[in-house]
Amino acid sequence: MLVNATVVTFDSLRGEGPVPAVYGGIAWDPGWFYLSDDYPPFEAHSSPTRIYADSDDKGFTFVNDNQVFDGAWFAGYYYASFNLYNDGLLVHTSPTLELFGSGPARFLASGYAGLVDAVSVVGIGGAYVMDDVTYHGEVPEPGAPSLMLAGMLAAALLNIG
């Protein structure tokens with residue numbers, strides 16, 4: 001069973017500036033900046049603030065252990081995709097989202113349901129904005145521990161009798 005998703009909106013940041021080193025449970029590589037002023041076609045998914053990178057491939061890591069990374073919203077030009085890592089190994093590359101420079105932000109799903117500890121956003125620095133980064137942890141099914149306990153109890157009873 002999956003726990004509720006965490007959506008990092010960046011909306012508590014106002015104006016322009018560098019994204020804090022740790023924000024929304026995520027450690028951001030240097031070179032991520034936030035922007036809350038209107039600047040078409042770099043539209044936020046949830047107004048007013050979104051982030052952008054100053055160079056091509058920029059990453060972030062999850063502070064609270066491994067997470068399931070769902071994806072994020074993008075607007076701007078050219079393209080964006082994700083490379084997902086666990087323990088330094090590339091475990092998945094998302095599809096590429098083509099950005100056409102007009103219209104509302106669009107969601108890029110990671111396409112991977114496994115746990116990851118780091119994400120690299122692949123795109124042309126300064127050509128896209130990203131918003132509403134979504135991730136969640138994973139917990140065991142509520143019935144799984146009790147089912148295992150019942151099985152162990154049944155096995156013990158069979159050994160006694």
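**Exposed and buried residues in a predicted model**

Q: Does tyrosine 77 count as buried, partly exposed or exposed?
A: In this predicted model, tyrosine 77 has a relative accessibility of 37%. Buried means under 20% and exposed means over 50%, with partly exposed in between. At 37%, tyrosine 77 therefore counts as partly exposed.

Q: Which residues make the nonpolar surface patch of about 310 Å²?
A: Tyrosine 77 has its place in strand β8, which covers residues 67–86. A nonpolar patch of about 310 Å² lies on the surface. The residues that make this patch are Tyr77, Tyr78 and Tyr79.

Q: Is serine 110 buried or exposed?
A: Serine 110 lies in the loop between β11 (106–109) and β12 (115–116). Leaving aside residues up to four places away in sequence, serine 110 touches several others, among them Phe69, Phe82 and His92. Its relative accessibility is 1%, and buried means under 20%, so serine 110 counts as buried.

Q: How many Å separate the backbone oxygen of phenylalanine 69 from a polar atom of the side chain of serine 110?
A: Phe69 is one of the residues that serine 110 touches. The backbone oxygen of phenylalanine 69 and a polar atom of the serine 110 side chain lie apart by 2.5 Å.

Q: Over which residues is the pLDDT below 50?
A: The protein chain has a mean pLDDT of 88, and 84% of its residues reach 70 or more. One stretch has a pLDDT below 50, and beyond near neighbours in sequence it has three contacts in the model. Where pLDDT is low, the predicted coordinates should not be read in detail. The stretch in question is residues 140–144.

Technical notes. Residues numbered from 1 in each chain as written. Predicted model: local features only at pLDDT ≥ 70, side-chain atom pairs only at ≥ 80, totals over all residues. Heavy atoms only, no water. pLDDT = per-residue confidence, 0-100. Contact = heavy atoms within 4.5 Å. Patch = residues over 30% accessible without salt bridge, like charges linked within 9 Å, V, L, I, M, F, W, Y side chains within 5 Å. Areas by Shrake-Rupley, 256 points an atom, 1.4 Å probe, with all protein chains shown as cover. Salt bridge = Lys/Arg side-chain N within 4 Å of Asp/Glu carboxyl O. Helix = DSSP H or I, 4+ residues; strand = E, 2+ residues; numbered from the N terminus. Buried < 20%, exposed > 50% of the residue type's maximum accessible area, 1.4 Å probe, protein only. Polar contact = N/O pair within 3.5 Å; in protein donor to acceptor, adjacent residues only side chain to side chain.
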